[in-house]
Amino acid sequence: AILANGSVVTWGNPDDGGDCSAVQGQLKSVHQIQAAESAFAAILADGSLVCWGPSESGGDCSAVKDQLSNVQQIQTTSGAFAAILADGSVS
C-alpha cells in the first residue's frame, strides 16, 4: 500500500515480496507499484525504481539500476519487469 506521505507498507509472505524492509529506506515519494509473481517494483517521484522480493522473480534490479532513471511505466510478466523510460526506450 502506498501511504499519503509516499511511503510503502507491505505484509504477507516474505518469500512472495511481503517484506520490503531491505529497501524500506528507499521507498519515499512512491508514485506507483507493480507486481510480478513474487516481487514488486516501485516508481519513485524522481523517476527512479526500487525493487524487492525474490531475485528470480525480478525483485533484484541492482544489475540494471544505472539504466533505471526517468522511468515512466513498468510492465510485468510472472517473473520479470520491463521499464519504459521517458525517451521511449525500454530497459
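Is Val-9 buried, partly exposed or exposed? In this predicted model, Val-9 is partly exposed, because its relative accessible area of 37% falls between the limits of under 20% for buried and over 50% for exposed.

**Figure 1. Close-up of Val-9 and the nonpolar surface patch to which Val-9 belongs.** Val-9 is placed in the segment that precedes strand 1. Together with Leu-3 and Trp-11, Val-9 forms a nonpolar patch on the surface. The accessible area of Leu-3, Val-9 and Trp-11 together is about 320 Å².

**Figure 2. Close-up of His-31 in strand 1.** Strand 1 comprises residues 30–35 and includes His-31. His-31 has a relative accessibility of 58% and therefore counts as exposed, the cut-off being over 50%. Along the chain, His-31 and Leu-44 are 13 residues apart, while their C-alpha atoms are separated by 5.2 Å. When neighbours within four places in sequence are left aside, the contacts of His-31 are Ile-2, Ile-43, Leu-44 and Ala-45.

**Figure 3. Close-up of Ser-57 in the loop between strand 3 and strand 4.** The loop that holds Ser-57 connects strand 3 (49–52) with strand 4 (71–76). Ser-57 is buried because its relative accessible area is 10%, and the cut-off for buried is under 20%. Apart from neighbours within four places in sequence, Ser-57 is in contact with Ala-36, Ser-38 and Ala-39, and also with Gly-79, Ala-80 and Phe-81.

Technical notes:
Residues are numbered from 1 along each chain as its sequence is written. This is a predicted model: local features need pLDDT of at least 70, side-chain atom pairs count only at pLDDT 80 or more; totals for chains, interfaces and linings use all residues. Side-chain values use heavy atoms; hydrogens and water are left out. Helices (H or I, at least four residues) and strands (E, at least two) are DSSP runs, numbered from the N terminus. Buried means under 20% relative accessible area, exposed over 50%, partly exposed in between (1.4 Å probe, protein chains only). Contact means heavy atoms within 4.5 Å. Patches are made of residues with over 30% relative accessible area and no salt bridge: like charges are joined within 9 Å, nonpolar side chains (Val, Leu, Ile, Met, Phe, Trp, Tyr) within 5 Å. Accessible areas come from the Shrake-Rupley method with a 1.4 Å probe; for residues, only the protein chains shown count as cover. A salt bridge is a side-chain nitrogen of Lys or Arg within 4 Å of a carboxyl oxygen of Asp or Glu.
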